[in-house]
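Subject: The structure I promised you

Hi,

Here is the structure for you to open and turn around on your screen. Have a look first, then read on for what turned up.

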Amino acid sequence: MSARTYSVPDVSCEHCRAAITSEVSVVPGVEAVDVDLEAKTVTVTGEPLDEGAIIAAIADAGYEVAA
Ligand SMILES: [Cu+2]
């Protein structure tokens with residue numbers, strides 16, 4: 001099991017958390033999604049983690065991963 005943390009500066013509220021969680025949790029391999037509203041990060045746990053698919057899912061939710 002591995003974990004990756006992405007910086008997503010635009011997350012601010014429970015709506016953001018719900019939108020990102022629902023999109024990212026259906027990416028194959030993803031087991032858990034933790035959105036930290038204070039740190040403005042999304043931590044994804046699972047195996048395997050498809051980085052491109054995860055970033056695309058965050059984009060589908062309407063948010064951008066900071067480089
Ligand atoms: Cu929000």
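Which exposed residues does H2 carry on the face turned away from its buried side? Keep that in mind while I walk you through the rest, and please remember that this is a predicted model.

**The overall layout**

The chain has 2 helices and 3 strands. Starting at the N terminus, you'll meet them in the order β-α-β-β-α. The radius of gyration is 10 Å, close to the 11 Å that the globule rule gives for 67 residues, so the chain is as compact as a globular protein of that length. If you want a feel for the dimensions, the C-alpha trace spans about 30 × 20 × 20 Å along its principal axes.

Two more numbers for the whole chain: 21% of the 67 residues count as buried. And if you take contacts between residues at least 6 apart in sequence, 61% of them join residues at least 24 apart.

**The sheet**

Next, find the strands. The 3 of them make an open sheet, ordered E1-E3-E2, with antiparallel pairing. Strand E1 (2–7) and strand E2 (30–36) are at the edges with a single partner strand each, so one side of each has no neighbour in the sheet. From one strand to the next, the twist averages 15°.

E2 and strand E3 (residues 41–46) are worth zooming in on. They pair in the antiparallel sense over 6 bridges. You can check the pairing by eye: valine 33 is opposite valine 44 in E3, and aspartate 36 is opposite threonine 41 in E3.

E2 and E3 also form a hairpin, with 4 residues between them. In the loop between these two strands you'll find lysine 40. Its phi is positive, about 60°, although lysine 40 is not a glycine. Is lysine 40 buried, partly exposed or exposed? It counts as partly exposed, because it has 17 C-beta neighbours inside 10 Å, and a residue needs 20 or more to be buried.

**The helices and the core**

Helix H1 (residues 14–24) lies across E2 and E3, and runs at about 165° to E2.

Now for the inside. In soluble globular proteins, nonpolar side chains tend to be buried together. Here, the largest nonpolar core has 13 residues, and those with the most contacts inside it are Ile20, Val24, Val33, Val42, Ile54 and Ile58. H1, E2, E3 and helix H2 (51–61) each supply at least two residues of this core. Which element gives the most to it? That is H2, with 3 residues.

Isoleucine 58 makes a nice example to click on. Leaving aside neighbours within four places in sequence, isoleucine 58 is in contact with Tyr6, Val8, Ile20, Glu23, Val24, Val42, Tyr63 and Val65.

**Back to H2**

That brings us to my opening question. The buried residues of H2 are Ile54, Ala57 and Ile58. They cover an arc of only 100° around the axis, so they sit on the same side of H2. The elements covering these buried residues include E1, H1 and E3. On the face turned away from the buried side, H2 carries the exposed residues Gly52 and Ala59. Try looking down the helix axis to see the two faces for yourself.

After H2 comes glycine 62, with a positive phi near 105°.

**Two loop spots to look at**

One is a cis peptide bond between glutamate 47 and proline 48, with omega about -5°. Proline 48 is in the loop between E3 and H2.

The other is serine 25, in the loop between H1 and E2. Serine 25 has 14 other C-beta atoms within 10 Å, so it is partly exposed. Not counting residues up to four places away in sequence, serine 25 touches Val30 and Val33. You could also try the distance tool here: the C-alpha atoms of serine 25 and threonine 45 are separated by 9.7 Å, and these residues are 20 apart along the chain.

That's the tour. Shout if you get lost anywhere!

Cheers

How values were computed. Residues are numbered from 1 along each chain as its sequence is written. This is a predicted model: local features need pLDDT of at least 70, side-chain atom pairs count only at pLDDT 80 or more; totals for chains, interfaces and linings use all residues. Two strands pair if DSSP finds at least two bridges between them. Axes are lines fitted to C-alpha atoms, for helices over the stretch in contact, and angles run from 0 to 180 degrees between N-to-C directions. Two residues are in contact if their C-beta atoms, placed from the backbone, lie within 7 Å. The radius of gyration is taken over C-alpha atoms; the globule rule is 2.2 Å times the number of residues to the power 0.38. A residue is buried if 20 or more other C-beta atoms lie within 10 Å of its own, exposed if 12 or fewer, and partly exposed in between; C-beta atoms are placed from the backbone. A nonpolar core is a set of buried Ala, Val, Leu, Ile, Met, Phe, Trp, Tyr and Cys residues joined through C-beta atoms within 7 Å. The arc is that of the directions from the helix axis to the C-beta atoms.
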